[in-house]
Amino acid sequence: MKIAQIGLIVLLACMLSACTEPEEETNRPFIKTISFAGIPNENVILDKAKSRITIQLPAILKGGLKPVMELSKGAQVVHGLTQENTIDLTSLCVCNYDNERITLRLDNKEAQSVYEIVVIPEGLLGAQNTNEQFTFLRNGDRTELSLPVENLYTNPHVDMLFFTNLETGKEEMISADAACLNHCNSLDHNRMIFSLSSPIEKYLKAGTYKIAFNNIKFPQHLVVTD
C-alpha cells in the first residue's frame, strides 16, 4: 500500500513540475496557447508536437484571421503576420497550383521555430446573399469585379465567367483559356476579385446581367452602361 502511495505522489509531482512539455526543455521559442478573434476555441487545435495549428473557419471571416497568443519567454513572431496582425490567407484563394504553406515563424534571439497553419473551410465556396449591384462602363480601360462569397479560402480555380442578359436571356462568357481569372486581397476577407482588361466593350452590350461561375449563381447583378 505504501509503495502505491509513494508511486502516486511521484506521479503527481512529475505532472506538476518535472514533466514539462518537450518544447520547454529546449531553448527554442514556442506557442503556449493560441486563439483567434471571433472563432470558437473548439475550432482551434494547437498540436505542439507537430508545430501545427488547425483552424475551422466560419463561412464569412470578419476582420481576418487575427491570433491571440501566449508565447514562451522572449519569443516574438517575426514572419507570418500582416500589418493588421492577421494571418495572410491569400495563397488559399488565388488559384495557386503549388499551394504555398502558411506559416508563423518565432524567434527568441537564440533559436527559431516554424508553425504550420492548416485552414479547414466550413463548407464549399458559395455566393453571399447581399443587395449589392455592380456597374461597369463599356469603354473603360480596365474593370474589376469584386464578388462577395462564403468560404473564400478553398483554393478555388475560376477560368470562366458567365454573364446572362436579363432582358434577352443571351449568355456571354469571359475565358482565361484554362488559366486563372480569380484572385483576392489580404484586406478583403470575403471577396473574390476578377481584374478584367477591357472585356466589357468586346463581349457585353449595355444592359443588366446575371453573374455565375463554377455553377455558382450570384444574386448580385452587373449593370453595363455605354
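**Close-up 1. An open sheet of five strands in the predicted model.** The strands are arranged in the order S2-S3-S7-S6-S5, and their pairing is mixed. Strand S2, which spans residues 44-47, and strand S5, which spans residues 76-79, form the edges of the sheet, each of them pairing on one side only. From one strand to the next, the twist averages 30°. As background to this view, strands of a sheet pair through backbone hydrogen bonds, in either a parallel or an antiparallel manner.

**Close-up 2. The pairing of edge strand S2 with strand S3.** Strand S3 comprises residues 52-56 and runs antiparallel to S2, to which it is joined by four bridges. Within this pair of strands, Leu46 stands opposite Ile53, the latter belonging to S3.

**Close-up 3. Lys109 in the loop between strands S6 and S7.** The loop that holds Lys109 lies between strand S6, residues 102-107, and strand S7, residues 112-120. Although Lys109 is not a glycine, its phi is positive, at about 75°. Lys109 counts as exposed because its relative accessibility is 80%, whereas the cut-off for that class is over 50%.

**Close-up 4. Asn214 in the loop between strands S15 and S16.** Here the flanking elements are strand S15, which covers residues 207-213, and strand S16, which covers residues 216-225, with Asn214 found in the loop between them. Asn214 is likewise a residue other than glycine with a positive phi, in this case near 50°. With a relative accessible area of 38%, Asn214 is classed as partly exposed, a class that lies between the buried limit of under 20% and the exposed limit of over 50%.

Methods: Residues are numbered from 1 along each chain as its sequence is written. This is a predicted model: local features need pLDDT of at least 70, side-chain atom pairs count only at pLDDT 80 or more; totals for chains, interfaces and linings use all residues. Side-chain values use heavy atoms; hydrogens and water are left out. Two strands pair if DSSP finds at least two bridges between them. Helices (H or I, at least four residues) and strands (E, at least two) are DSSP runs, numbered from the N terminus. Axes are lines fitted to C-alpha atoms, for helices over the stretch in contact, and angles run from 0 to 180 degrees between N-to-C directions. Buried means under 20% relative accessible area, exposed over 50%, partly exposed in between (1.4 Å probe, protein chains only).
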